[in-house]
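Dear colleague,

I am handing over a structure that you have not worked with before, and I would be grateful if you kept it open while you read the notes that follow.

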Amino acid sequence: METKLVPQNRSVLTALAAGRRRSIRKPGIVAVLTSGVGGISTDQSSNGRRSTGTATTLTERSTVYNDNWFDRIAINHLSQSVQAATGLRNSKSGYESLVEAATAVSRNSNTSQQRELVIQALDKAFPSPILSLMRRMLPQSKFTREFFAAFTTVFFVWLMGPCEVKESAEINGKKEKNVVHIKKCRFLEETNCVGMCTNLCKMPSQTFIKNTLGMPVNMVPNFDNMSCEMIFGQEPPSPSDDPAFKQPCYKLCKTNQKHSAKCDS
């Protein structure tokens, strides 16, 4: 079966962020890898990446999130938008429903279709009049780049996990707080799939933000520790030059295990 495309104020942000932090989560052990032959090897950062060494097994306990009412509404809204774009429904709830919807896209579509379907879902999820107004009111500037970074850390924790604003390298001779550092990406941890990260998150998000808000953003995932950085104002490299597309998928990729899919980006 193949899926078919269906045609501020800084103090306010700080206060909202303080309220959001109360609903985050308790961290857990991500992975313990044990060698099947010849001794024991533990590696909590590799998360089962393919290697030339001995085959490994995984003992995993995912990060626990205590989603509040806003988180649950946002997660359900995005999940329903993805399902509406694909025409593939699921009966799950919460973040599990969003991951299932994304997995269905990955399983039934090629990479270009995956990216286009997610962009369609984002178009459904976020009202275009509001985005157009933001684009007119917030042209490219240091203030806008820093605003988008701060805004992301307040209102999108439910999607990405805990994150913080960091200072970037100098832009035109000046430093800016235009980088969002995601400590461990919730979506990547739940899917455990490099291909789903690049094709269902990184590429469509970069395109959607640039097209709707006029803001280039470069998303730089770190597949060793599942962190990521969103650099507002920086043009992303082409896929052929992007290191993210040179990474093999995790050896214990959940999508590959369940569906025998070739999920490498």
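**Salt bridges**

The side chains of K202 and D242 form a salt bridge, with a nitrogen-to-oxygen distance of 2.9 Å. This pair ties together distant parts of the chain, since K202 sits in helix α9 (residues 194-213) while D242 lies in the loop between β8 (227-232) and α10 (254-259), and the two are 40 residues apart. Both K202 and D242 are buried. Please keep in mind throughout that this is a predicted model.

The count of salt bridges comes to 8, and two others can be described together through K92. The side chain of K92 meets that of E96 at 3.6 Å, nitrogen to oxygen, and the side chain of K92 also meets that of E100, at 3.5 Å, again nitrogen to oxygen. Through these shared partners K92, E96 and E100 are joined into one network. As for their surroundings, K92 counts as partly exposed because its relative accessibility is 38%, which lies between the limits of 20% for buried and 50% for exposed. E96 is likewise partly exposed, with a relative accessible area of 49%, and E100, at 24% relative accessibility, also counts as partly exposed.

**Helix α4 and its two partners**

The packing of helices is the next topic, and helix α4 is a convenient place to begin. Two packed helices are described by the angle between their axes and the distance between the axes.

Helix α2 (residues 69-86) packs against helix α4 (residues 111-125) at an angle of about 130°, and their axes are 8 Å apart. That angle is why α2 and α4 are described as oblique to each other, and the crossing in which α2 passes α4 is right-handed. On the α2 side the contact is made by H77, L78, S81, V82, A84, A85 and T86, and on the α4 side by L117, Q120, A121, L122, K124 and A125. Sorted by character, the residues of this contact of α2 with α4 comprise 8 nonpolar, 4 polar and 1 charged.

Helix α4 also packs against α9, here at an angle of about 55° and with the axes 9 Å apart. The helices α4 and α9 are therefore oblique to each other, and α4 passes α9 in a right-handed crossing. From α4 the contact draws on T111, Q114, R115, V118, I119, L122 and D123, and from α9 on N199, L200, M203, P204, T207 and F208. The residues of the contact of α4 with α9 divide into 7 nonpolar, 4 polar and 2 charged.

**One residue in closer view**

If you would like a single residue from which to look around, I would suggest L78, which is found in helix α2 and belongs to the contact of that helix with α4. L78 is buried, with a relative accessible area of 9%, a value that falls under the 20% limit. Leaving aside residues up to four places away in sequence, L78 touches L98, L122, A125, W158 and L159; among them, L122 and A125 belong to the α4 side of the contact with α2. L122 is also listed among the α4 residues that make the contact with α9. Finally, L78 and A101 are 23 residues apart in sequence, and their C-alpha atoms are 9.7 Å apart in space.

With best regards

Key
Residues are numbered from 1 along each chain as its sequence is written. This is a predicted model: local features need pLDDT of at least 70, side-chain atom pairs count only at pLDDT 80 or more; totals for chains, interfaces and linings use all residues. Side-chain values use heavy atoms; hydrogens and water are left out. Axes are lines fitted to C-alpha atoms, for helices over the stretch in contact, and angles run from 0 to 180 degrees between N-to-C directions. Helices (H or I, at least four residues) and strands (E, at least two) are DSSP runs, numbered from the N terminus. Angles under 35 degrees count as roughly parallel, over 145 as roughly antiparallel, 65 to 115 as roughly perpendicular and the rest as oblique. A crossing is left-handed if the near helix is turned anticlockwise from the far one by less than a right angle, and right-handed if clockwise. Contact means heavy atoms within 4.5 Å. Ala, Val, Leu, Ile, Met, Phe, Trp, Tyr, Cys and Pro count as nonpolar, Asp, Glu, Lys and Arg as charged, and the others, Gly among them, as polar. A salt bridge is a side-chain nitrogen of Lys or Arg within 4 Å of a carboxyl oxygen of Asp or Glu. Buried means under 20% relative accessible area, exposed over 50%, partly exposed in between (1.4 Å probe, protein chains only).
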